[in-house]
Amino acid sequence: MEGNSWRPAQEEPAAASDGGSVDWRTQLQPEARHRIVTKIMVTLKRHIPILVPEGLNELRKIAIRFEEQIYTAAANQADYSRKIYLKMRSMENRSQHDASISPLKSNSTITN
């Protein structure tokens, strides 16, 4: 992954003055969600080959759907960031693992 762009946020929204918690979703700006979808798309583009121009639209739909699922399921903003971070990290790790195995497969095919 590139630098620390997927580190989960450490801050949680402050509680309301009446002692109750403010829904964290009201604290997250739409621009922040858009940036996260863009980062998800960058990661997906590295791992999913796009063969036709329409593929980019499909990739965006996948990224939006993924972000919406995490947004809906997360308990708070830290949980939201952590879940996205872990999913993107697992995709990166899986890709690196597949790349390290791939040369072995091609070498065994050539020698057989």
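## Salt bridges, core and helices

K61 is partly exposed, its relative accessible area being 47%. Buried here means under 20% relative accessible area, exposed means over 50%, and partly exposed lies in between, with a 1.4 Å probe and protein chains only. The structure is a predicted model, in which local features need pLDDT of at least 70 and side-chain atom pairs count only at pLDDT 80 or more, while totals for chains, interfaces and linings use all residues. Residues are numbered from 1 along each chain as its sequence is written, and side-chain values use heavy atoms, with hydrogens and water left out.

**Overall fold**

The protein chain contains three helices and zero strands, arranged along the sequence as α-α-α. Helices (H or I, at least four residues) and strands (E, at least two) are DSSP runs, numbered from the N terminus. Of the 112 residues in the protein chain, 26% count as buried. The accessible surface of the protein chain is about 7,900 Å², and carbon and sulfur atoms account for 53% of that surface. These areas come from the Shrake-Rupley method with a 1.4 Å probe; for residues, only the protein chains shown count as cover.

Contacts, meaning heavy atoms within 4.5 Å, can be sorted by sequence separation. Among those in the protein chain between residues at least 6 apart in sequence, 66% join residues at least 24 apart.

**Nonpolar core and helix α1**

The largest nonpolar core has 18 residues, and I40, Y80 and I84 touch the most other members. α1 (30–47), α2 (54–73) and α3 (77–111) each supply at least two residues of this core. The most comes from α1, which gives six residues. Such a core is a set of buried Ala, Val, Leu, Ile, Met, Phe, Trp, Tyr and Cys residues joined through side-chain atoms within 4.5 Å.

Helix α1 has 18 residues and spans 26 Å from its first C-alpha to its last, close to the 26 Å expected at 1.5 Å a residue. The expected span is 1.5 Å times one less than the number of residues in the helix. The buried residues in α1 are A32, I36, V37, I40, M41, T43 and L44. T43 has a relative accessibility of 1%. In space, T43 lies 9.6 Å from A63, C-alpha to C-alpha, while the two are 20 residues apart in sequence.

**The segment before α1**

W24 is in the segment before α1 and is buried, at 3% relative accessibility. Its partner in space is A75, 51 residues away in sequence and 8.3 Å away C-alpha to C-alpha. The W24 side chain reaches the backbone oxygen of A75 at 3.4 Å. That pair is a polar contact, defined as N or O atoms within 3.5 Å; within protein, one atom must be able to donate a hydrogen and the other to accept it, and residues adjacent in sequence count only if both atoms are side-chain atoms.

**Salt bridges**

A search of the whole structure gives six salt bridges. The criterion is a side-chain nitrogen of Lys or Arg within 4 Å of a carboxyl oxygen of Asp or Glu. Some of them are tabulated below.

| Pair | Distance, N to O | Placement |
|---|---|---|
| K61 and E58 | 3.5 Å | helix α2, three residues apart |
| D79 and R82 | 2.6 Å | helix α3, three residues apart |
| D79 and K83 | 3.4 Å | helix α3, four residues apart |

An α-helix has 3.6 residues a turn, so residues three or four places apart point the same way. K61 and E58 are separated by about one turn of the helix. E58 is partly exposed, at 44% relative accessible area.

In α3, D79, R82 and K83 form a network of salt bridges. D79 is about one turn of the helix from R82 and about one turn from K83. The partners sit at various levels of burial: D79 is buried at 12% relative accessibility, R82 is partly exposed with a relative accessible area of 39%, and K83 is partly exposed at 28%. Leaving out residues up to four places away in sequence, D79 touches A73 and A74.
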